[in-house]
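Biologist: I am new to this protein, and I would like to go through its model with you by asking some questions. Could you show it to me before we begin?

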Amino acid sequence: MKKVQQGFTLIELMIVVAIVGILAAIALPAYQDYTVRSKITECVGLADACKGSVSETYASTGAMPANATDAGCSTSTAGTQYCNDATVNAGAVTVAVKVAAGVPAACNLILTPTVDASNTITDWAGSTTCATKYVPAVFR
């Protein structure tokens, strides 16, 4: 009578555990980068909201707003979990990223309007002090 093997051998189980461990070692750093990107993208949303207010103020008054209050940007006292409130300086919108879980260092996202010869805002140039691997393409 033949004996039929039942279950897995110890070697087979150890190979599976090793493969899972290798995959996890590769995937975790990439996952951490994506979580930091999502936190910084939250700050981009704050800057975009204020960008519309600056454009509207410039279109109606013909002058760049000096601060967030002049621009009509909605501000709160604490910003969000990962971002400080947007500030405006001569039309440029700046949002400071807080050092929070996973965000490596405090940095800023800056949107600067480009005005053409007919005094209309044609584009917004993005710049940043954050690591470029964490920010959207418009800020690189």
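The questions below turn to the disulfides, then to the sheet, and finally to two loop residues.

Biologist: Before we go into detail, how many disulfides does the structure hold, and which pattern do they follow?

Modeller: Please keep in mind that this is a predicted model. The structure holds three disulfides, and one can describe their connectivity by counting the bonded cysteines along the chain. Counted in that way, the pattern is 1-4, 2-3, 5-6.

Biologist: Which parts of the chain does the disulfide of Cys-43 and Cys-83 tie together, and how many residues apart are they in sequence?

Modeller: The sulfur atoms of Cys-43 and Cys-83 lie 1.9 Å from each other, and the link is left-handed, with -95° about the S-S bond. Cys-43 belongs to helix H1 (residues 10-61), while Cys-83 sits in the loop between helix H2 (68-71) and strand E1 (87-89), so the disulfide ties together parts whose separation in sequence is 40 residues.

Biologist: Are Cys-43 and Cys-83 buried or exposed?

Modeller: A residue counts as buried when its relative accessible area is under 20%. Cys-43 has a relative accessibility of 0%, and the value for Cys-83 is 0% as well. Therefore Cys-43 and Cys-83 are each buried.

Biologist: What is the handedness of the link between Cys-50 and Cys-73, and where do these cysteines lie?

Modeller: Cys-50 is in helix H1 and Cys-73 is in the loop between H2 and E1, so that distant parts of the chain, 23 residues apart, are linked. Both of these cysteines, Cys-50 and Cys-73, are buried. Their sulfur atoms are 1.7 Å apart, and with 80° about the S-S bond the link is right-handed.

Biologist: Which segments does the disulfide of Cys-107 and Cys-130 tie together?

Modeller: The sulfur atoms of Cys-107 and Cys-130 are 1.9 Å apart, and the angle of 85° about the S-S bond makes this link right-handed. Cys-107 counts as buried at 7% relative accessibility, as does Cys-130 at 8%. Because Cys-107 lies in strand E3 (residues 107-115) and Cys-130 in the segment after strand E4 (121-128), the disulfide ties together E3 and the segment after E4.

Biologist: Turning to the sheet, which strands stand at its edges?

Modeller: Four strands form an open sheet with antiparallel pairing, in the order E1-E2-E3-E4. Two of them have a single partner strand each, so one side of each is left without a neighbour in the sheet, and these edge strands are E1 and E4.

Biologist: How many bridges pair E3 with E4, and what is the bridge partner of Leu-109?

Modeller: E3 and E4 pair in the antiparallel sense over seven bridges. The residue in E4 that serves as the bridge partner of Leu-109 is Thr-128.

Biologist: Which helix packs on the sheet, and what angle does its direction make with that of E2?

Modeller: The helix that packs on the sheet is H1, which touches E1, strand E2 (92-97), E3 and E4. The direction of H1 and that of E2 make an angle of about 160°.

Biologist: Finally, what is phi of Ala-90, and what is phi of Asn-119?

Modeller: Ala-90 has its place in the loop between E1 and E2 and counts as exposed at 52% relative accessibility, whereas Asn-119 is found in the loop between E3 and E4 and is exposed at 53%. Each has a positive phi although it is a residue other than glycine. For Ala-90 phi is near 55°, and for Asn-119 phi is near 60°.

How values were computed. Residues are numbered from 1 along each chain as its sequence is written. This is a predicted model: local features need pLDDT of at least 70, side-chain atom pairs count only at pLDDT 80 or more; totals for chains, interfaces and linings use all residues. Side-chain values use heavy atoms; hydrogens and water are left out. A disulfide is a pair of cysteine sulfur atoms within 2.5 Å. Helices (H or I, at least four residues) and strands (E, at least two) are DSSP runs, numbered from the N terminus. Buried means under 20% relative accessible area, exposed over 50%, partly exposed in between (1.4 Å probe, protein chains only). Two strands pair if DSSP finds at least two bridges between them. Contact means heavy atoms within 4.5 Å. Axes are lines fitted to C-alpha atoms, for helices over the stretch in contact, and angles run from 0 to 180 degrees between N-to-C directions.
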